[in-house]
Amino acid sequence: MTWGTVSTGVLDVLPLTSDRFWTAWTFAPVPIAVLTALAAAYCWAYRALRRRGDRWPVWRVVSFVGLGLGSILVATCSSLATYDDMLLSMHMAQHVILSMVAPVFLALGAPVTLALRVLPQRPRQGLLRVLHSRVVAFVTLPPVTLVLLIASPWVLYFSGWYAATLRSPLLHELLHAHFLLIGCLFFWPLLGMDPVPGRVAYPFRLLMVFLTLPFHAFLGVTIMGTKRLIAADWYQSLHRTWPPSPMVDQHLAGAVLWASGDAVGSLILAVLFVQWVRSSHQEAAREDRRLDRQEAVAR
């Protein structure tokens, strides 16, 4: 595995091959430090909960640390990051992971619930005030999160913002954070167990995810079909001599968004359906116990 800081100059980056796709990792100190801190905090909270005799499912630890934070590490440090400013297709894979894959696994890890169970009183009250604030209540409204998830990619790729992120390392990192934040705002209330605002009934959750599918597909098809090269000045200035060409790579990027968006969206729909069935069974069991108690009192 190759680690090292790769600049944007074409002479500094070797052609992308099947081997380098798996081995060309980039050392990114800020994402690694943040992800390590989050993983350590989650594991500390898990151990604190277990030490006092409370249970916490191991699969939630795997979901948050292994799959959630792990997928962010892949998006920001693997060959996707090494080539994300040279190949739009690699950037698009980052886009899907950060906005649709990582937020789902982070939400299923229920970190807010874990924090509320282990934090001392004052920090716990501070966290509750944030969750109950007007700002959080607004940005987690289902119509707001749906518009943000759908509209932001269109604005990004068909304006000058994407080209600006390629020229500025700071904007480049902020774009990654933007993808992750928008994905968390949308998927956390839909899939997570945490007591966050924006939660709606399961039929509406399924509807919201279903509504994202055609928009992602349409954006992918539009990127595939457009004759104008996105961020043309940047990609043409690289004078890259190895394939694919910028236009072919753009078509590939659209296909990545189309196919992966539909695949991930369909998987999320399946997860929501399973959660809905389990919730219905739990509600039925609670109702049976309530009726049994009433019957016992009546006797």
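A helix here is a DSSP run of H or I with at least four residues, and helices are numbered from the N terminus. I note also that the model I consulted is predicted.

**Entry 1: C77**

I began with C77 and found that C77 lies in helix 3. Is C77 buried or exposed? I read a relative accessible area of 0% for C77. Buried means under 20% relative accessible area, so I recorded C77 as buried. I then looked up the contacts of C77, leaving aside neighbours within four places in sequence, and listed W25, T26, A28 and I32. I also looked up the separation of C77 from P214, which is 137 residues apart from C77 along the chain. The C-alpha atoms of C77 and P214 are separated by 30 Å.

**Entry 2: helix 2 and helix 3**

I next considered helix 3, residues 58–77, together with helix 2, residues 29–51. Their axes come within 10 Å and cross at roughly 175°. Angles over 145 degrees count as roughly antiparallel, and I therefore entered helix 2 and helix 3 as roughly antiparallel to each other. By class, the contact of the two helices has 16 nonpolar residues, one polar and one charged. From helix 2, I listed P31, I32, L35, L38, A39, Y42, C43 and Y46. These meet residues of helix 3, including V58, R60, F64, L69, T76 and C77.

**Entry 3: the largest pocket**

I then turned to the largest pocket, for which I noted a volume of about 610 Å³. How many residues line the largest pocket? I recorded 24 residues, of which F64, P111, V112, C184 and W188 lie nearest the centre of the pocket. I checked which helices supply at least two residues each to the lining, and among them are helix 2, helix 6 (111–118) and helix 7 (121–131). Helix 8 (134–139) and helix 11 (169–191) also supply at least two each. Helix 11 gives the most, with six residues. I sorted the lining by class and entered 23 nonpolar residues, one polar and no charged.

**Entry 4: T165**

Finally, I looked up T165, whose place is in helix 10, residues 161–167. At 5% relative accessibility, T165 counts as buried. Which residues does T165 touch, not counting those up to four places away in sequence? I listed L171, H172 and L175 as the residues T165 touches on that basis. I closed with the separation of T165 from F105, 60 residues apart along the chain, and noted 27 Å between their C-alpha atoms.

Technical notes: Residues are numbered from 1 along each chain as its sequence is written. This is a predicted model: local features need pLDDT of at least 70, side-chain atom pairs count only at pLDDT 80 or more; totals for chains, interfaces and linings use all residues. Side-chain values use heavy atoms; hydrogens and water are left out. Axes are lines fitted to C-alpha atoms, for helices over the stretch in contact, and angles run from 0 to 180 degrees between N-to-C directions. Angles under 35 degrees count as roughly parallel, over 145 as roughly antiparallel, 65 to 115 as roughly perpendicular and the rest as oblique. Contact means heavy atoms within 4.5 Å. Ala, Val, Leu, Ile, Met, Phe, Trp, Tyr, Cys and Pro count as nonpolar, Asp, Glu, Lys and Arg as charged, and the others, Gly among them, as polar. On a 1 Å grid over the protein atoms alone, a cavity is a set of points where a 1.4 Å probe fits but cannot get out, and a pocket is an open set with protein on both sides within 12 Å along at least five of seven lines; lining residues have an atom within 4 Å of a point. Grid points are joined across faces, edges and corners, and a volume is the space filled by probe spheres set on the points. Buried means under 20% relative accessible area, exposed over 50%, partly exposed in between (1.4 Å probe, protein chains only).
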